[in-house]
Amino acid sequence: MESSDASPSRPCFAINPLTFKYKVLYFFNLCGRACFLKFLPVFYRQLGMSSFQTGLLVAIRLLVRLLSAPVWGVLADRTGRYKVVLIVILIGSTLSFSSLAGVLVVHEMDVDSAGNYSNIMANIRWNMDLGTSGSMEEFYNATSAFSVYKHWHSKSGIFGGNTMLMMSHAKTSVTPEQNTGENANDTLQGASYKSHTTSTHMEPSETNESKNNGINPRLTSHQIFALCLIAVVTGEFFLGSFFPLMDNACINSVGVDGFGKQRMFSPLGFGTGAFIAGLAMDQTRGVHYFYHPSHAPHPEPPNFMTAIVMFFGISVIMTVLMCGFQFKMEKKSSMVWQPVKAVLRKPAVICGLLVCLIVGIVSSVIFAFILWFAQDLHGTQLLLGLTETVMSFTATFFYPLVTKLHKKIGVGGLMASSLLGLAGVLIILSFLNNPWLILIAMALYGFVFAVMKTSPVIFAKTYSPPEATATMQGIVSGVQLGLGMAMGGVIGGVFYHPYGARVLFRGTAVLAGIGFIPLGIMYMCSRSDQYTVLVDAASPSVNDPNNYEKIP
């Protein structure tokens with residue numbers, strides 16, 4: 001077993017070389033995630049998905065964490081090979097999420113095949129002339145390519161008089177070959193095929209290319225949704241367990257006191273990656289890496305291929321760095337679930353998990369709907385970007401202070417600070433009318449973010465059996481960051497539009513207050529527990545039974 005990383009052998013620019021790996025991995029992991037995964041909801045919209053499909057993908061991704069984190073935790077505990085498990089996680093998540101680039105390329109080909117708007121409308125009119133059932137709008141929205149083409153052209157005036165002209169002539173017997181004169185631009189130039197949506201028969205002159213020219217896309221909206229679902233579920237199954245394993249390895253190595261100094265680099269990487277990726281996507285509008293369309297939409301949408309390339313590149317760098325780092329090896333354990341089950345039966349642990357669930361729900365409401373609220377207050381795009389930046393960099397500053405705070409108030413005090421801080425942020429937001437004042441609330445949320453990310457790690461470490469530390473970290477993380485955040489997204493989505501952001505924020509603040517009930521029960525039960533784990537994980541032998549202290 002390797003020695004503890006808590007005692008540096010030689011300082012290097014005031015950075016402990018033995019803990020440098022944690023700083024690098026935390027920074028680059030969040031930087032890579034922020035480059036693409038942060039923008040997934042907007043990415044889904046560009047693919048033509050509905051709000052229901054987008055919300056479903058977001059919720060499913062979060063729920064996958066509830067399963068994946070404990071599974072990989074058990075594997076790490078049974079093998080003791082954290083490094084190998086983390087490398088497999090990085091490779092699997094990188095390949096899974098990067099596969100969405102293929103969906104994007106095929107979708108762009110479908111949009112390009114659709115041609116310009118007038119050609120599409122002429123083709124739709126021709127099909128309606130032949131007796132196609134359904135309205136023109138229903139036919140137009142039959143493919144995701146058409147709906148996205150409509151979305152990006154709606155501000156250019158294309159859906160104006162031309163649309164009404166097409167509708168007024170929709171029942172005339174005019175085919176593209178017969179349409180000449182003023183409406184010549186409304187025809188499909190050089191079309192050599194005849195299409196009828198009520199029949200699957202293809203005319204002899206119809207080619208595969210014409211089949212994809214706006215009428216039969218390579219990928220329908222349902223197929224795109226299915227492919228995204230597979231990629232997201234697979235990717236999150238791997239990536240969702242990265243932080244529980246990294247947190248466990250880090251806190252076992254440096255102890256609670258040094259944990260915040262390593263974890264502070266994660267929000268720093270997130271803020272940096274989100275800013276650079278957003279700027280890069282805007283600056284590379286119109287740039288095509290793998291496919292060069294003949295009909296580019298105007299204005300060009302954000303270039304998500306740039307974000308995917310950045311995510312892939314940073315993930316590859318992380319994987320290479322991981323291969324060169326050494327991690328503290330824990331003892332292999334053949335008995336994992338039995339001690340975990342015994343711990344999960346304790347009332348204090350059950351109440352602690354309930355507090356983590358409430359924290360996940362409340363924080364998800366802020367995280368998911370703060371930008372909507374800023375837009376409702378007529379906030380600028382600059383403001384939307386600054387909200388994330390302010391939160392990330394204030395959290396970076398507060399992470400080291402949280403571990404010092406833990407010495408004075410304990411893990412229960414940190415959980416109470418999370419609930420109190422979340423309730424305070426929500427109440428402040430509910431009374432704001434000036435969108436720029438949101439930045440003040442987000443600065444406070446930066447402190448709360450650092451506390452609510454640190455407290456579940458320390459909670460899991462405090463109550464974890466020595467032979468199942470990674471498993472316990474996975475369970476706690478799955479409850480708060482998986483189930484809790486998924487429930488928060490669903491609750492917020494249900495109540496936001498009918499009742500507004502202010503009612504949603506105040507109601508969620510009440511839920512945070514309710515969290516003090518299980519927290520109080522947890523405190524009383526923990527005092528009656530016979531044993532508790534010393535949280536000085538910097539000890540060379542974490543699995544030593546002497547690391548337990550009996551409470552009189």
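A residue is called buried here when its relative accessible area is under 20%, exposed when that value is over 50%, and partly exposed in between, using a 1.4 Å probe on protein chains only. The model is predicted, so local features need pLDDT of at least 70 and side-chain atom pairs count only at pLDDT 80 or more, while totals for chains, interfaces and linings use all residues. Residues are numbered from 1 along each chain as its sequence is written, and side-chain values use heavy atoms, with hydrogens and water left out.

The protein has 552 residues, and buried residues make up 54% of them. Its secondary structure consists of 21 helices and 2 strands; these are DSSP runs numbered from the N terminus, with helices being H or I runs of at least four residues and strands E runs of at least two. A contact is a pair with heavy atoms within 4.5 Å. Among contacts with a separation of 6 or more, 82% are between residues 24 or more positions apart.

The nonpolar cores come next. Such a core is a set of buried Ala, Val, Leu, Ile, Met, Phe, Trp, Tyr and Cys residues joined through side-chain atoms within 4.5 Å. The largest one has 127 residues, and F43, F242 and Y445 have the most contacts inside it. Helix α16 (residues 347-376) provides the largest share of this core, 17 residues. At least three residues of the core come from each of domain 1 (16-126 + 218-290 + 302-326) and domain 2 (333-538), the bounds being those of an automatic or database domain assignment. Apart from this core lies another, of 5 residues, including V74, V336, V340 and I475.

F242 can be followed further. With neighbours within four places in sequence left aside, F242 contacts N29, R33, L86, I89, L90, M318 and M322. F243 is found in helix α12 and, at 10% relative accessibility, counts as buried. On the same basis of leaving out neighbours within four places, F243 is in contact with Y26, N29, L30, R33, R263 and S266.

S266 belongs to helix α13 (residues 265-283). It is buried, with a relative accessible area of 2%. Not counting residues up to four places away in sequence, S266 touches Y26, L30, F243 and Y399.

What separates F243 from Q473 in sequence and in space? The two are 230 residues apart in sequence and 9.1 Å apart in space, C-alpha to C-alpha. Both residues also appear in the lining of a cavity. Rolling a probe the size of a water molecule over the atoms shows where empty space is left. On a 1 Å grid over the protein atoms alone, a cavity is a set of points where a 1.4 Å probe fits but cannot get out, and its lining residues have an atom within 4 Å of a point. Grid points are joined across faces, edges and corners, and a volume is the space filled by probe spheres set on the points.

A search of the whole structure finds 10 cavities of 30 Å³ or more. The second largest holds about 120 Å³ of space. Its lining is made of F243, P244, D247, R263, K453, P456, V457, Q473, V476, S477, Q480 and L481. Helices α12 (242-263), α18 and α19 (469-499) each supply at least two of these lining residues, and α19 gives the most, with 5 residues.

Helix α18 (residues 438-463) has 26 residues and spans 37 Å from its first C-alpha to its last, close to the 38 Å expected at 1.5 Å a residue; the expected span is 1.5 Å times one less than the number of residues. Because 22 of its 26 residues are buried, α18 is largely enclosed by the rest of the structure. K461 lies in this helix and is buried, with a relative accessible area of 4%. The C-alpha atoms of K461 and N248 are separated by 7.8 Å, although the residues are 213 apart along the chain.

Two further positions lie elsewhere. V64, in helix α3 (residues 51-79), is buried, with a relative accessible area of 12%. Beyond its neighbours within four places in sequence, V64 contacts V233, E236 and F237. The C-alpha atoms of V64 and T234, 170 residues apart along the chain, are separated by 8.9 Å.

Is F397 buried or exposed? This residue of helix α17 (residues 381-430) counts as exposed, at 56% relative accessibility. F397 and M264 are 133 residues apart in sequence and 7.1 Å apart in space, C-alpha to C-alpha.

Note on methods: 1 Å grid on protein atoms, 1.4 Å probe; cavity = no way out; pocket = protein on both sides within 12 Å on 5 of 7 lines; lining within 4 Å.
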